[in-house]
Amino acid sequence: MLSKVQPKDIRYIKLGDGGRWAEHSLSDGVLCFGYHSIPHEVCERKDWDGVRNLLSDRKSEGAQTAGVTELSTFYELGEDCLWITFADGHLWWAFVHPKVQWTGDATSDGPSRKRVTLDGWHRTDIFGKPLRVAALSSKLTKVANFRATICKVAEEDYLLRRINGI
């Protein structure tokens with residue numbers, strides 16, 4: 001049995017377009033993320049105005065803000081943030097180390113940055129019961145329809161009850 005999950009923050013992350021990095025992320029115990037055109041050094045310095053300028057080719061100010069928010073979230077949330085995703089018919093969850101690693105992948109095929117999980121990805125509640133998507137409320141699973149990459153989870157209480165086996 002795992003310890004009760006009590007995060008400070010909760011975020012959903014889509015592991016690549018259409019989940020194409022999910023298998024790699026889940027098997028290697030990493031949280032993969034893209035934004036290949038934004039240098040790692042700019043994000044490490046938390047130069048979010050600089051990131052906004054680098055995103056100036058986006059269609060709207062709102063799209064620029066969304067990009068800055070996703071990158072700052074990935075870089076700034078600590079190891080007390082619960083990250084969730086959906087893959088292979090399950091809800092997966094993990095906590096990750098705060099250090100962001102640059103992968104050096106400047107292509108759009110692989111992730112450009114990652115964070116390592118503290119103890120791998122989990123697809124069961126803390127008692128070992130599988131967290132199958134089919135058995136979860138659509139109020140939670142609809143977060144997977146979010147068009148961007150990272151977002152807050154509206155159904156936090158429900159999510160935590162399920163992960164904690166309540």
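What follows is a short back-and-forth about a predicted model.

Me: Why is Gln 64 called buried?
Reply: The cut-off for buried is under 20% relative accessible area. Gln 64 comes out at 14%, so it counts as buried. The residue sits in helix α4.

Me: And what makes Glu 156 partly exposed?
Reply: Its relative accessible area is 33%. Partly exposed is the band between under 20% and over 50%, so Glu 156 falls in that band. You'll find Glu 156 in helix α6.

Me: What is Gln 64 in contact with, leaving aside its neighbours within four places in sequence?
Reply: That would be Arg 52, Leu 55, Ser 56 and Arg 58. Contact here means heavy atoms within 4.5 Å, so each of those four residues has a heavy atom within that distance of one in Gln 64.

Me: How far apart are Glu 156 and Arg 11, in sequence and in space?
Reply: They're 145 residues apart along the sequence, yet 9.4 Å apart in space, going C-alpha to C-alpha.

Me: How do you know that β1 and β3 pair, and in which sense?
Reply: Pairing takes at least two bridges. Strand β1 (residues 9–13) and strand β3 (residues 81–87) have four bridges, so they pair, and the sense is parallel. Ile 10 stands opposite Leu 82 in β3.

Me: What makes β4 and β7 the edge strands?
Reply: Each of them pairs on one side only. The open sheet has four strands in the order β4-β3-β1-β7, with β4 covering 90–95 and β7 covering 150–152. Pairing in this sheet is mixed, and neighbouring strands are turned by 30° against each other on average, direction ignored.

Me: Which helices lie across strands of that sheet?
Reply: Helix α4 (residues 61–76) lies across β1, β3 and β7, at about 80° to β7. Helix α6 (residues 156–163) lies across β1, β3 and β4, at about 80° to β3.

Me: What is in the lining of the largest pocket: how many nonpolar, polar and charged residues?
Reply: First, the pocket itself: it holds about 420 Å³ of space. Of the 15 residues that line it, the closest to its centre are Asp 17, Tyr 35, Arg 58, Glu 70 and Thr 149. The lining divides into four nonpolar, five polar and six charged residues.

Me: Why does Tyr 35 go with the nonpolar residues and Thr 149 with the polar ones?
Reply: Tyr is on the nonpolar list, so Tyr 35 counts there. Thr is on neither the nonpolar nor the charged list, so Thr 149 counts as polar. Asp, Arg and Glu are on the charged list, so Asp 17, Arg 58 and Glu 70 count as charged.

Terms used
Residues numbered from 1 in each chain as written. Predicted model: local features only at pLDDT ≥ 70, side-chain atom pairs only at ≥ 80, totals over all residues. Heavy atoms only, no water. 1 Å grid on protein atoms, 1.4 Å probe; cavity = no way out; pocket = protein on both sides within 12 Å on 5 of 7 lines; lining within 4 Å. Points joined across faces, edges and corners; volume = space filled by probe spheres on them. Helix = DSSP H or I, 4+ residues; strand = E, 2+ residues; numbered from the N terminus. Axes fitted to C-alpha atoms, helices over the stretch in contact; angles between N-to-C directions. Buried < 20%, exposed > 50% of the residue type's maximum accessible area, 1.4 Å probe, protein only.
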